[in-house]
Amino acid sequence: MIRLSKIAVTVNKYLDGFSHLVMPNSCLCCKRELSIFEEEICSFCEFELKKTYFEGFNEPSSLDKLFWGRLEVTGTYAMYYFIKGNKSQDILHAIKYQHKKSIANSMGKRLGSFLEKMETFKGVDLIIPVPLHYKKAFIRGYNQSEEIAKGVKEILKIPILKEGIQKRKHTESQTKKDRFERWDNVGSNFEVVKDLIPYQHVLLVDDVITTGSTLEAMGRAIHNQFPHLKISIASIALTK
């Protein structure tokens with residue numbers, strides 16, 4: 001059995017190498033051909049990503065402080081800082097505008113691997129991705145936050161509630177709005193439409209956090225109906 005498993009591993013390595021020759025994978029950020037040991041992003045671009053290192057913090061992070069006085073949260077986490085011109089921008093642009101669902105899933109797995117090791121996220125028993133209005137979902141073809149959440153689910157082994165919270169109306173893009181304009185845009189725009197009583201600790205998942213207005217609005221909608229629920233927040237990136 002051991003010999004057969006070794007043969008299988010060897011064969012898979014050769015097949016992997018052959019597939020790279022026929023259909024070479026390129027780095028999402030620099031388009032350099034990836035080695036068989038690299039996934040989505042090459043080692044050079046990986047090194048350039050501005051990591052937050054929040055997983056090693058003993059004091060409140062800047063993301064924790066973002067929600068102080070706005071929403072009671074148990075834990076927060078983001079892997080990277082979103083900076084214009086940085087590799088993180090390439091990743092999020094590909095996920096959101098280039099239909100790269102596989103990248104969203106891969107980033108979700110990375111995110112889940114960090115959350116799995118952090119004490120504040122140990123009790124999470126449900127994942128809720130930030131919803132898209134059906135019009136925007138139709139145009140884009142998928143909800144990027146839901147694809148990220150699927151990757152997180154693979155690691156944490158807990159369910160996703162895809163349509164537990166819905167957007168009441170189709171809002172304008174948040175991209176060029178300041179904090180107060182963003183809150184005015186989404187402040188009362190979420191509605192909890194499914195029973196959350198069986199759960200104790202929900203994880204809200206987004207692709208990038210800027211002012212936190214969307215997640216704050218979601219969290220308030222949840223607490224208005226289910227005040228017992230703990231809420232934690234996770235995303236791929238935090239705008240610096």
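## A tour from helix α5 outwards

Select helix α5 and, beneath it, strands β1, β5 and β6 (230–239): the helix lies across these three strands, running at about 130° to β1. Keep in mind throughout that this is a predicted model. Helix α7 (residues 144–156) can be added to the selection next, since helix α7 also packs on the sheet, where it touches β2, β5 and β6, and its direction makes about 130° with that of β5.

**The helix itself.** With α5 still selected, display its C-alpha trace: the helix has 15 residues and reaches 21 Å from its first C-alpha to its last, close to the 21 Å expected at 1.5 Å a residue. Now colour its buried residues, which are I103, A104, N105, S106, M107, G108, L111, G112 and L115. The elements that cover these buried residues include β1, α4 (87–97), α7, β5 and β6.

**One residue on the helix.** Centre the view on L111, which lies in α5, a helix that spans residues 101–115. Is L111 buried or exposed? Its relative accessibility is 0%, and L111 therefore counts as buried. Showing everything around L111, but leaving out residues up to four places away in sequence, brings up contacts with Y77, M79, I148, V152, A234, S235 and I236. For one of these, M79, it is worth drawing a distance: L111 and M79 are 32 residues apart in sequence, yet their C-alpha atoms are 6.8 Å apart in space.

**The sheet below.** Hide the helices and look at the strands, which form an open sheet of 4 strands in the order β1-β6-β5-β2, with parallel pairing. The edge strands are β1 (76–82) and β2 (126–129), each of which pairs on one side only. Viewed along the sheet, neighbouring strands are turned by 20° against each other on average, direction ignored.

Start at the β1 edge, where β1 and β6 pair in the parallel sense over 6 bridges. Within this pairing, select Y77, whose bridge partner in β6 is A234; both Y77 and A234 are also among the residues that L111 touches. Although β1 is an edge strand, β1 is mostly covered, with 7 of its 7 residues buried.

Then cross to the β2 edge, where β2 and strand β5 (residues 201–209) pair in the parallel sense over 4 bridges. Select I128 here, and L204 in β5 will be found standing opposite.

**The loop after β1.** Follow the chain into the loop between β1 and α4, and select N86. N86 counts as buried because its relative accessibility is 10%. Its side chain reaches the backbone oxygen of E48 at 3.2 Å. Leaving aside neighbours within four places in sequence, N86 is in contact with E48, L49, K50 and Y81.

**The cysteines.** For the last stop, show the cysteine sulfurs and ask how many disulfides the structure holds. The structure holds 0 disulfides. C27 is in no disulfide, and the nearest cysteine sulfur, that of C45, is 3.8 Å away. C30 also has C45 as the residue with the closest cysteine sulfur, at 3.7 Å, which is too far for a bond. With regard to exposure, C27 is buried, with a relative accessible area of 0%, whereas C30, at 36% relative accessibility, counts as partly exposed.

Terms used. Residues are numbered from 1 along each chain as its sequence is written. This is a predicted model: local features need pLDDT of at least 70, side-chain atom pairs count only at pLDDT 80 or more; totals for chains, interfaces and linings use all residues. Side-chain values use heavy atoms; hydrogens and water are left out. Helices (H or I, at least four residues) and strands (E, at least two) are DSSP runs, numbered from the N terminus. Buried means under 20% relative accessible area, exposed over 50%, partly exposed in between (1.4 Å probe, protein chains only). Contact means heavy atoms within 4.5 Å. Two strands pair if DSSP finds at least two bridges between them. Axes are lines fitted to C-alpha atoms, for helices over the stretch in contact, and angles run from 0 to 180 degrees between N-to-C directions. The expected span of a helix is 1.5 Å times one less than its number of residues. A polar contact is a pair of N or O atoms within 3.5 Å; within protein, one must be able to donate a hydrogen and the other to accept it, and residues adjacent in sequence count only if both atoms are side-chain atoms. A disulfide is a pair of cysteine sulfur atoms within 2.5 Å.
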